[in-house]
Structures are given as C-alpha cells and as structure tokens.
Amino acid sequence: MKEIVINPITRIEGHAKVTIFLDEESRVTDARFQIIDFRGFEKFCEGRPYYEMPKITSRSCGICPVSHLLASAKACDEIVSVKPPRSAMLLRRLMHMGQMIQSHALNFFHLSAPDFLLGMDYDPAQRNVFGLIEKQPELARQGIRLRKFGQEIIENVAGRKIHSSDWIVPGGAAWPLTQEHRDYLLSNLPEALTTTLQTLAMFKSWLSGCTEQVETYGDFPSMYMGLITADGGLEMYDGNIRIVDNNGNIVADQLSPNKYAEFIGEAVEPWSFMKFPFYKPIGYPDGMYRVGALARLNISSKCGTPLADEELKQFKKLGKNGIVQSTFHYHYARLIEALFCVEKTKELLEDPEIMAERVCNKAYVNNSEGVGVAEAPRGTLIHHYKVDKQGIVTKVNMIIATEHNNLAYNKAVTQVAKKYVKAEKLQEGMLNRVESVVRSFDPCLSCATHMVGQMPLEIQLVDNQGNLLDRKTR
Amino acid sequence: MVNKVRVATIWLSGCAGCHMSFLDQDEALLEIANQIQLVYSPIMDAKVFPEDVDVTLIEGAVANEDQEETLKFARERTKILISLGDCAVTGNVTALRNAWTDSAKEVLNRAYVETADVQPQIPTDVPTLLPKVLPLHEVVKVDFYIPGCPPPAGLINYVISQLLRGLPVSMEGKSKYG
C-alpha cells in the first residue's frame, strides 16, 4: 500500500493533512482528512467560574470568536436562568452579522480567490492573497475592505475585533451601542453592499465554467443540519434545529438544541484529533450530515431579506427539490449569506431599540446546567456546561461546526483524489485540487482542535502492517 | 525588482487570532506587500519552511512533538524570530492544561474517551502531545516578543514597519497582555 501525504494543507484556518492511499496499481483507493492539533478546552475549563467561560472559549478560535462568545453566553444565560433584554439580543445578533461577513470574506478573498482568479495550476509561491494583491489590486482591496467592515461591526459593538470578550456577559451585554458607533457603521454599509453584490455577480458569471468542479468537488448526497426560525427561515443566532435529507424531506424539525445529545453522537478514529459526529437514529458512519452555509440554505425556505431571498430562489434552482448537494457550492452559499448579513446589519442598526441603555438582566446561578447553540460561519456550534452550586464549571462538552462535517470531508477528499491524483506522474496542481475541496467547506480547524514554486511532496511506501518501506521527497 | 524582505508566519497551538490580527492590518497589507515576500505561512502554499528567512512571526504555544520540531527547524533558518501573541509568549490559554500533572493524558481522555459515543479511544496516528505546553522561548531563542490576545493589528504593523526600515523596536507603552 502506498500513501501520498499533503502536509500541511494550506490556506485553510487550521492544522490538517491529507493522506491518499493507493493500491498496487497506484490507483487511489481512499483518502483521509486528518486533524493534527489538539488543545483540551473540555478538560481545562473545569474548575473555572461559569462567567469566565465566554472569555476562555472565545480563545478556541480567532476566526469565529464571536460564535464561541455567543454559544457560551447563551449557555451562561441558561445557567443564570435569564433572558437577555431585546436590546442585548439585537446587539448580539449585530455582532454575529459582523462575524459572518468577515469570515465569509476571508474565505472568499483571502483564501479561495487565489484558486479562482489566479488558477489551480498557478505558481504556488504566488497563489495566495499577496499574489492577488499584485495581480488584481482593486479586487484585493475590495475584499480586504469587506472583511474590515465585518471586523469593524464587532469592534464598534464590543470594543475590539478579536476576542472582544469583556462585552458579552451572562444575561446580556456589558455596555450599550453609542450613536457614534451606529452612525459609523451605517456610513460604511453602502460600500459593503456594493462589494457583496458585485462579488456574487462575478461568482455567478464563473459558474458555467465550473461544471467540472461542481461535479467532482464533494458532489454526493447527505443530510443537512442547522438552526431554523419557527417558520422555516434562515436563522443564525437562535431558533431550533432542522435536519433535511438529500431529497428535501424534513427528517426532524424544531428539535430543541438543549437535547442535542439525543440526536447527535460522536465517534473517534485513531488517525485524527477531530471527532466524527453522526445522526444517532441512523448510526455511525451512515448518519452523515453537512452543516454550514450550504446546509443552512438547503434547510431554509427563505432568508428574510429582499435581495438575499431573490438570490436564494436562483440558488435553489441548481438542485433537485431545492437541495444543492455539491460541496463546491458552499462558495456560492457563503456569498448569498454575506448579502443576507449586510442587509440584516442595516435592519438591526435601524431598529430603534438597538440604542437602548439597558442591555443586561443580571442574575446569579439558578441552574446546574446550560446549553448554548449558535450558527457559526461554518455551521452549528454547541456549548454545554455543568456547574456546581457556586457556579464552578464541573463538565464541558463542545461540538464545533467543522466537526459535524468530518464524515463529509473524508468523502469529498476521496472523491477529488480519485478524479485528479495520478500517482505515476504527480503534479502540484492535482494535489492543490484536493486541498481546494477542503477549502470549499471552509474548515475552521482552530475550532475543531478546541479539545485542542513546486510543492515538496512526501510519498510514503507502507506495507500492509504499516511499516514504512520507502520515502521519497520531490 | 528590489530585494524584498523574506517573511514567514507559523501557527503552532493557538486559535489563529494572531494571524487574523495580522490580516486586520487591512489596507496597510497592500503597502507592505511591496516590501515583503511572504515565503511560508498558513495563508500560502509553501509546504516546507525555506532557507534564509529574514523574519518569522510565530503564533501559538508548543503543545506537541511536531510543533517542537517545526519551531527548531524554523529557528535554524531564520534571522529574526518573533513570539507573536500571548500563547507564544507565555503559553496563555493553550497552557491552561498544565495545571494537571499528567496533562496530556487528562485532556485526551476527556475528549476522546469520556465524551465519545462510538469507538472511544485516544487517537494514536497523530502527533504526540507534550506533557506540558511550552512558550517558544523555552524551546528556542526568541528575538522579539509581541504580547496580546491577540496583539492589535497596529502593533504588528509597527513592529514590521520598524524592522523593514532597520529601526529599533520599542514595545514600551505600546503592548499589554490579554
């Protein structure tokens, strides 16, 4: 048995490698997406007071710290048994919109656009955001400014761009929004809207030329999971869970996120630090589902803002029964969500209550347990804490957005490797395509490890017992 | 083309927040792009740390054997090595597990045995965790420290700009932990 190892996978938010297995005739038989870092949040949060949890768990991820802040604060809201005032809910949602915009812009412009705009087989030394700055400076500037707009929403609401963990507190928020910050954000909104619309139009214009990617970049059936509003609309902060199958049938609906353990199980494989969540009623590994932008649009019948709703209608026509199954379309779905978030930002900023002075309902420990769920940019994020009478954390479980997609990642990299990797004459571009499908999902491996020229290639020849027979680097 | 300064960035055990803060330089990135050549980074496609790197910014603490090796390898090939952010400087949140005596075993057990429903087991075909998480300077010589969780983008830009101009870097009054 021979192996090709791509290590590290680059232009993703994390530490990962892909191992491709070959048979005696050098045909690809299997591929594994492996996570190789681990930190241990579920253990080391033990013994901390519950109100420190947003501050600590925010550090799971510098890319989507806001999702962790929200899931953690919502778990803490349950521990103190308090519903935050509407003003705080609006502000938390606003901060969340900022994060979705910055994170989706990061994936598109900083990480994936080099593949689209410079090309899959472009010089690897230049195939990155700095290469993009050199070749398409105006587009790079727009992308940088869109991400900046998202980051500035977070900063203006919560004090700083990354780990703004002094602001969110159990029961609401620590301070209200000022007129100055609100006006600043509103003044930057038109540019963000223009950039988002232009980017979406540009992406759609490429689609007819992307048939091959659509058909081979993780194009397979699965279930889809995410939060949903009471009437089946796109939801990112609150709501209940819906699971839909690949034919568009609702498998389970309005599940209370608090009962996640009844329908989500977690499996472990010896070769990765990322666990494998599965839908319990179907079992492991067949209970595969996907989460994130593609899943959210697949389970939702509407977005709830005018421009995004129009885009969603067009998007759903790509699939059968409104289900779009190619992983490549995560890119498209993220751009529609970015548009939704820009529209929603305006709506939130124009809500008179967003300026309310009172933003917190204070209380102390009233419950021994709390579950907080939010839609992170990459999918459903679950924080679950148990505390003692003094509010000291005794148990933590976190299921991270990227983890839910683990089974699907492995299926997708295998599909792409089988299509493109020819072991007898390996080329860098072949392996970049394998990495590219990983980028389509936009993995946040920083989160997933909570519980923690020419591309030089290493090819290992391994016998059936796993002994290394030969190693070649080119 | 003028000779650009060869810059690398590495992400060890941390949250990527320091790299995000690096990207938060926003339009200033367009300016430094003229002066630096990024030669190795999670945001680009080089797979092996190259030789003759002028400046390497490293985020995250050292939590496993592979990271220890990566750090030592980068040190040999780098003129100026910078600890970027609190995890690299002190261990920070990544090092919270050090409170347990056999910390690697404790954290692995919780995540992969106690909270798993199917096939509970500690993964073996993955890098081996170090018994204690270490800040960079306990493994290699560090030339500059940029504290912060994450360090503000302006501070990162200040350090890079000073180094590009060959001017001294003074962190006094500019930086703080957290």
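Two residues are in contact if their C-beta atoms, placed from the backbone, lie within 7 Å. We're working on a predicted model, where local features need pLDDT of at least 70, side-chain atom pairs count only at pLDDT 80 or more, and totals for chains, interfaces and linings use all residues. Residues are numbered from 1 along each chain as its sequence is written, and chains are lettered from A in the order in which they are written.

**Exercise 1.** Work out which parts of chain A's two domains meet.

*Solution.* Start with the bounds, which come from an automatic or database domain assignment: domain 1 of chain A is 2–37 + 410–473, and domain 2 is 84–159 + 176–219 + 326–360. Next, the contact itself: 19 residues of domain 1 of chain A touch 17 residues of domain 2 of chain A. On the domain 1 side, α14 (406–420) and α15 (428–441) of chain A each supply at least two residues; helices (H or I, at least four residues) and strands (E, at least two) are DSSP runs, numbered from the N terminus. α15(A) gives the most, with nine residues. Finally, sort that side by class: six nonpolar, six polar and seven charged residues. Here Ala, Val, Leu, Ile, Met, Phe, Trp, Tyr, Cys and Pro count as nonpolar, Asp, Glu, Lys and Arg as charged, and the others, Gly among them, as polar.

**Exercise 2.** Find out how α3 of chain A sits in the structure.

*Solution.* Check the length: α3(A) covers residues 65–80, 16 residues in total, and reaches 22 Å from its first C-alpha to its last, close to the 22 Å expected. That expectation is 1.5 Å times one less than the number of residues. Now burial: 16 of the 16 residues of α3(A) are buried, so the helix is largely enclosed by the rest of the structure. Buried means 20 or more other C-beta atoms within 10 Å of a residue's own, with C-beta atoms placed from the backbone. Right after α3(A) comes A:Ser81, with a positive phi near 60 degrees.

**Exercise 3.** Describe chain B and its side of the contact with chain A.

*Solution.* Chain B has six helices and seven strands, in the order β-α-α-β-β-β-α-β-α-α-β-β-α. Of its 178 residues, 48% count as buried. Then turn to the partner: the contact takes 50 residues from chain B and 53 residues from chain A. α1 (17–23), α2 (27–32) and α5 (103–114) of chain B each give two or more residues, and α1(B) gives the most, with six. By class, chain B's side has 30 nonpolar, nine polar and 11 charged residues.

How values were computed. A residue is buried if 20 or more other C-beta atoms lie within 10 Å of its own, exposed if 12 or fewer, and partly exposed in between; C-beta atoms are placed from the backbone.
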